[in-house]
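Thank you all for coming; I would like to walk you slowly through one structure that may be new to you. Please have a look at the sequence and the model before I go on.

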Amino acid sequence: MINRLEERAAVNYDLVFDKAIDRLHKEGRYRVFIDILRNKGSYPNARCFGGHNGPKPVTVWCSNDYLTMGQHPKVVTAMEDALHDVGAGSGGTRNIGGNTHYHVDLENELADLHGKDGALLFTSGYVSNDATLSTLAKILPGCIIFSDELNHASMIAGIRNAGCEKHVFRHNDMEHLEELLAATDPDVPKLIAFESVYSMDGDIAPIHEICDLADKYNALTYIDEVHAVGMYGTRGGGISERDEAAERITIIEGTLGKAFGVMGGYIAADKKIIDVIRSYAPGFIFTTSLSPVLVAGALASVRHLKQSDVERKGQHAAAERLKTLFANAGLPVMKSETHIVPLMVGDPVKAKQISDILLSDYGVYVQPINFPTVPRGTERLRFTPGPAHDEAMMVELTKGLLEIWDRLELDLKQAA
């Protein structure tokens, strides 16, 4: 017995952790977070820390604050007003002191945005996906979830935590999805989970075709509109609004941390489903609610983008211009139907090298995208030009990338 205890005590935990980190370094996947601050009122200009000569000016090219709403005067003012009105924190979970009129107002605005009866706020888009999908499947007896193979990690986590049967269909492959649906018991509850905009490739789901299959096989539908809300549709309701499909979707999930420029996640659906998730989802029940300061900012952003199309038009124009410049220069820009501008590298070490050189030599901040965010061998740089990225910035960026590609002797024909 003593020998066994000695063996257990001999486990070198530090060595285990060191090996885990070393693996990431050897694979070129170790992630480094850049220490920066954005300059209020002059985005995409920012300043980067970590050097010996004080902060260095940089241009941000990879933010998910797609429309620069995090800098908008209406949003900033709303947050300042809320801070001085009610203070900083929410005070607890929604059922223990953390429910405010700001939360109620924002949920009403989000329900209206998507044409649904109700909405429910979460602390992030990750939590809203995880909590909703896992709870739904547990409520529906014998539920089977059909998931697009490129769904976000938060959706995968929610499906895994549901503990239910799942089937993964090939990306946007409706024939494969129907094969899977047709092979299941027609009396079993079914849910099809997919995204509207897939943020790493920039392609779009065939929403109406998915809804047609859902109608045919009596399945519920769950769409992640995280990279589309605020960005598409006449009021920013996402691809489902743009394609006039919102009323066909059972549950629409979105974020307040990307195009709306603040923080938080949500779902919109009919009141019965909202009540079920509100009442049963641990990720909602046991989490301190969003600060009313954040909610006030998100509320101002949602209301503004329902009325204004200026930011959307500016962003879409910038994305198309950057795609054109990259393509004309012969850079390996991937095909994208949306505001995402991915540049294929195909190697994690090279992707990190390019990112480092851009920052150190050109003052350009863009993070490399590696596994597990994308499959191995498809590592890339992901650019998200916004309405404030001007022509001069884009031209300089393109020239810099061409110089780096030449310096590292990379293949310009490696476009996906």
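I will begin with one strand and its neighbours, and then turn to the aromatic rings.

A word on the basis first: this is a predicted model, in which local features need pLDDT of at least 70, side-chain atom pairs count only at pLDDT 80 or more, and totals for chains, interfaces and linings use all residues. Residues are numbered from 1 along each chain as its sequence is written, and side-chain values use heavy atoms, with hydrogens and water left out.

Let us start at strand β10, residues 220-224, where helices (H or I, at least four residues) and strands (E, at least two) are DSSP runs numbered from the N terminus. Four of the five residues of β10 are buried, and buried means under 20% relative accessible area, with exposed over 50% and partly exposed in between, for a 1.4 Å probe and protein chains only. Which strands pair with β10? Two strands pair if DSSP finds at least two bridges between them; strand β7, residues 190-195, runs parallel to β10 and is joined to it by five bridges, while β11, residues 251-255, pairs with β10 in the parallel sense over three bridges. Within these pairings, Phe 194 has Ile 223 of β10 as its bridge partner, and Tyr 222 stands opposite Ile 251 in β11.

Now to the rings, where the whole structure holds three aromatic pairs; rings of Phe, Tyr and Trp (its six-membered ring) pair if their centres lie within 6.5 Å, and planes under 30 degrees apart count as stacked, over 60 as edge-to-face and the rest as tilted. Why is the pair of Phe 122 and Phe 284 called edge-to-face? Because the planes of Phe 122 and Phe 284 stand at 75°, with the ring centres 5.8 Å apart. This pair links distant parts of the chain, since Phe 122 belongs to strand β4 (residues 118-122) and Phe 284 to helix α11 (residues 282-285), 162 residues apart. Phe 122 is buried at a relative accessible area of 3%, and Phe 284, at 10%, counts as buried as well.

Phe 326 and Phe 383 also form an edge-to-face pair, 5.4 Å centre to centre and with 70° between the planes. Phe 326 lies in helix α13 (residues 310-329) and Phe 383 in strand β16 (residues 380-383), so the pair ties together parts 57 residues apart in sequence. Both Phe 326 and Phe 383 are buried, and ring pairs link them with Trp 61 into a cluster.
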